[in-house]
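Visitor: I should like to understand the structure shown here. May I put some questions to you about it?

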Amino acid sequence: MESKHYATLRLKIVILTLSFSLVPLFVLGVTIYYQFRQAYTTKVTEALRTMAQNRRSALELFIDERIAQLVTVANTHSMKQLIDEKYLNKVFNAMQSRSRTFIDLGVIDGDGNHLAYVGPHHDKLISVNYGHEDWFHAVFSSGTYVSDVFLGFRKIPHFIIAVTGRDGNKTWILRATLNSEIIDNIVRAGQMGRTGDAFLINRHNVLQTASRFSGKLLGTPDTPDFSSAVGTAVARIDFKGEESLYATTQLNYPRWILVLKEDPREEMAPLFEARWIGGLVLLGGVLLVVLGTVFISQSMTNELIRMERQKANADDLVVQSAKMAALGKMAAGVAHEINNPLQIIGDQAGWMKDLLEEEDITKSPNFQEFANCIAKIQRHLERCRSITHRLLRFGRRMEPTQELVDLNAIVAETITFLENEARYREIDINASYEDNLPRITTDPAQIQQVVLNIIDNAIDAVGKSGQIDIKTEYNNSSAPREVVIEIADSGPGIPKDLLAKIFDPFFTTKAANEGTGLGLSISFTIIEKLGGTIQVTSEEGKGTTFTIRLPAG
């Protein structure tokens, strides 16, 4: 059937190409150009997104390092030491020895009085009281504070970083002015091309750094308002009749927005050139259609066959690899369960051997004890057999099947594979099963693989000393009716910006040697093929819940 399908496809390609040579060639040329345009546009967009994220990381790293410097000074020196301006000057010089990132340094008491100051504005600032300034109260609330650009008492645009220190019951502030030129340089490194621009704005759409073309410092940029932007985004926007490509990304300190702007015509110039070249190639291709039709159609179908077979083999290997990885994790728990009954078997068998050597078994008063020992041996042998059979049944490579199964039993059996690891990590697994859950027709091995993978991920997420709640329920009010498996953990949760990616192949938040990023992707595919859905809800600090829904017939 498959070879007949490809033969028919090849015949259609030959007939249509020879009969309508110009039309198919034109469609092919337009399609190639469209695909290239899409790919090139995506490349430009992703390059802009990456640049924005890199500049954001550089800014955050710069500010984090400056905060760490000030916190270190505040925690290793007393206020009494630092209000000595000679001593404060030595500390300031030591901080500036590797990079001159601060303009000045000052010590302020809990009433807002400037007790000591080192910098170029000593006469103007040493007598100032900051008790009524917004930033003064903000630093006492949070312990650290990074300001927007403001004029302050010196009437010069500047950024400040302030941290608190404690001497006994007294709280004081160590305050420093950042070298704005360094921040400007970090931001300007995001400018791309002859007409590119890069700048910072705050949540009030006020420029925190000078823009190359869109406005002056502390002014409003001549661009769309991105002050409410969150996360990282790239968009092509027509503003005042000018179309531009914008990338925005949100910073942590102090909730600034980095904006990168590019002229799409400049970035797309190679695409326009490729369009003209493509047109010439399209015209020349008309002359080669007849000679190339048979060869190309044959090559295309052969390559399609090869790719389909390769994909099928790869999919099979990925699924089997995931099952084997899960099987390896179960091995430790299985070994632990088997060791205990084997020890009992050995003890009871030894005791029986000793009794047999000492007396005639048919007349022995210990006959009942012999019978009890044999019963124990049989019981624990059955236990071993049950464990190994479960392991072999799960790990055995088999074709997909459809059986009438008890979902409660599948979930209960799956939990036994990981309960030893959960107990070792002091994690409670609480299971609640719907009493009237109907049996459903599905593939039990694949359902078990999905449940095992999600519980295993939940254990890794909780880490230690937490809980996992598992429940099944029957939803007969939906159309169609469905059975539901819900698995909730008390782990740290998944950040909102990562939640949409967790089912993507090879996406993982684990360390490089702890996960491949295929487990949830495979689970999603399995449930989808079985006619169900899998959803995830999560909130940072409150855990994660996976909900599996399967048709109930």
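Visitor: How many bridges pair strand 6 with strand 9?

Guide: This is a predicted model, in which local features need pLDDT of at least 70, side-chain atom pairs count only at pLDDT 80 or more, and totals for chains, interfaces and linings use all residues. Residues are numbered from 1 along each chain, and side-chain values use heavy atoms, without hydrogens and water. Strands are DSSP runs of E with at least two residues, numbered from the N terminus, and two of them pair if DSSP finds at least two bridges between them. Strand 6 and strand 9 (residues 257–262) run antiparallel, and their bridges number five.

Visitor: Which strands stand at the edges of the sheet?

Guide: The open sheet has four strands in the order 6-9-8-7, paired antiparallel. Each edge strand has a single partner, so one side of it is left without a neighbour in the sheet. The edges are strand 6 (197–201) and strand 7 (232–239).

Visitor: Is R154 buried or exposed?

Guide: The side chain of R154 meets that of D104 in a salt bridge, 3.1 Å from N to O; such a bridge is a side-chain nitrogen of Lys or Arg within 4 Å of a carboxyl oxygen of Asp or Glu. Buried means under 20% relative accessible area, exposed over 50%, and partly exposed in between (1.4 Å probe, protein chains only). Because its relative accessibility is 5%, R154 counts as buried.
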